[in-house]
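Here is my note on the model you sent round. It deals with charged pairs and nonpolar packing.

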Amino acid sequence: MNMDRRSFLKTGAALSAASIVPFARAQELGWRTFEVSTRVELVGTGPARVWLPVPSVNAGYQKVISNRFEAGSGRASIVKDARYGAGILVAEFGKSDTPVVELVSRFSTRDRAVTPGKPTGEKLGKAERSLYLSATELLPLDGIVKQTAMDITKGQKNDLDRAHAIYEWIVDNTYRDAKVRGCGVGDIKFMLENRSLGGKCADLNALFVGLARAAGIPARDVYGVRVADSKLGYKSLGKSGDITRAQHCRAEFYLEGTGWVPVDPADVRKVVLEENGGLPLGDAKVEAARKRLFGSWEMNWLAYNYAHDLKLPGAVKGPVGFLMYPNAEALEQGNLMRLDSLDPDHFIYKMSAREILA
């Protein structure tokens, strides 16, 4: 029997693709523990500063166990951003120091699935609600962003339907652009004004967050990194061992009576582009990801923080849009300059992940 996409999602039709593992089965595996190491080694000597994201998300799907660090002859400490609670390892090096710093984090995760209408116990206070409904430099909520959100959600009766309409619109209208450096920038106004709807996770999931906020739904990006291969049959949605280029952000929206609901439209488009050399949007494996990634996450991934427009302590340059990559400032031509964290020939860092088995 032929079935359109809406019917497919509504009925939850069984898939014939044997490689697709039902999310509920993976969830039964429970907690897994990982260790992630991040080592930064700048060229030459100081003065220099290095900032590393430190896992600071403790939730029903993740527990941070420990963070330990070493900065050689430099000085280092872990601080927290006052607005978002983002953990930041700050390492400072003098003129004669060799700028090398390493952070080792241990944490446990378990797969996450949220059913709208079934309370998670998560409550959103007044200050948090205001924070996750506010504009940021890269997420303006007026103009074309507001108009697009209103167009997408017109006729929808509640926040769940509005959030789902935004999710579906992003999956249908955006695409993953392999040429984009890193995870993208997340400048959603530029994307909409220029009809430039290609990007990576920091673009496409930021678009979900911005449109949701513009529609009056509290939402946030969650910045992190993949730490293990997927057990759900998706080669494109996991990374183990060397995870230096495995950064990935996700998104959540808050639903009254339920709590935070996980989504990841960017990974649906990643499946389209990369899985099995590329798949059509209507492929069964894509449809399964599309359904699964509205309300659930496979937690082969480490969540760092929710922060936007983050001021790096002691930095000469201005805030960063988000903290998901190592950042550094070093002496160049007599001035402290922000290094390009996506230039591994000049800004050398290495990330690795391993699962700790009981």
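The points below take the salt bridges and then the cores.

1. Status. This is a predicted model. Please read each distance and accessible area below with that in mind.

2. Salt bridge count. The total is 21 salt bridges. A few deserve a look one by one.

3. Glu168 and Arg290. These two form a salt bridge, with 2.7 Å between the closest N and O atoms. Glu168 sits in helix 5 (residues 159–173) and Arg290 in helix 9 (residues 284–292), so the bridge ties together parts 122 residues apart in sequence. Are the partners buried or exposed? Glu168 has a relative accessible area of 8%, so it counts as buried. Arg290 is buried too, at 1%. The cut-off for buried is under 20%.

4. Asp264 and Arg250. Here the closest N and O atoms of the salt bridge are 3.3 Å apart. Asp264 lies in the loop between strand 13 (259–263) and helix 8 (265–274), while Arg250 belongs to strand 12 (residues 247–255). The two are 14 residues apart, and the pair links distant parts of the chain. Both Asp264 and Arg250 are buried.

5. Glu92 and Arg49. Their side chains meet in a salt bridge at 3.3 Å, N to O. Glu92 is in strand 5 (residues 87–93) and Arg49 is in strand 2 (residues 48–54). That puts the partners 43 residues apart. Glu92 has a relative accessible area of 29%, so it is partly exposed; the partly exposed class runs between 20% and 50%.

6. A network. Which residues are linked with Glu35 in a network of salt bridges? The other members are Arg106 and Arg354.

7. Main core. The largest nonpolar core has 83 residues. Phe208, Val227 and Phe253 touch the most other members. Helix 7 (residues 201–214) gives the most to this core, with 10 residues. As background, nonpolar side chains tend to be buried together in soluble globular proteins.

8. Val227 in detail. What does Val227 contact, leaving aside its neighbours within four places in sequence? The list includes Phe34, Val36 and Phe107. Lys239, Ser240 and Ile243 are also among the contacts of Val227. So are Asn300, Trp301, Leu302 and Ala353. Polar and charged names thus appear beside nonpolar ones here, with Lys239 and Asn300 among them.

9. Second core. A separate core holds 23 residues. Tyr84, Leu124, Tyr132 and Trp260 are among its members.

Notes. Residues are numbered from 1 along each chain as its sequence is written. This is a predicted model: local features need pLDDT of at least 70, side-chain atom pairs count only at pLDDT 80 or more; totals for chains, interfaces and linings use all residues. Side-chain values use heavy atoms; hydrogens and water are left out. A salt bridge is a side-chain nitrogen of Lys or Arg within 4 Å of a carboxyl oxygen of Asp or Glu. Helices (H or I, at least four residues) and strands (E, at least two) are DSSP runs, numbered from the N terminus. Buried means under 20% relative accessible area, exposed over 50%, partly exposed in between (1.4 Å probe, protein chains only). A nonpolar core is a set of buried Ala, Val, Leu, Ile, Met, Phe, Trp, Tyr and Cys residues joined through side-chain atoms within 4.5 Å. Contact means heavy atoms within 4.5 Å.
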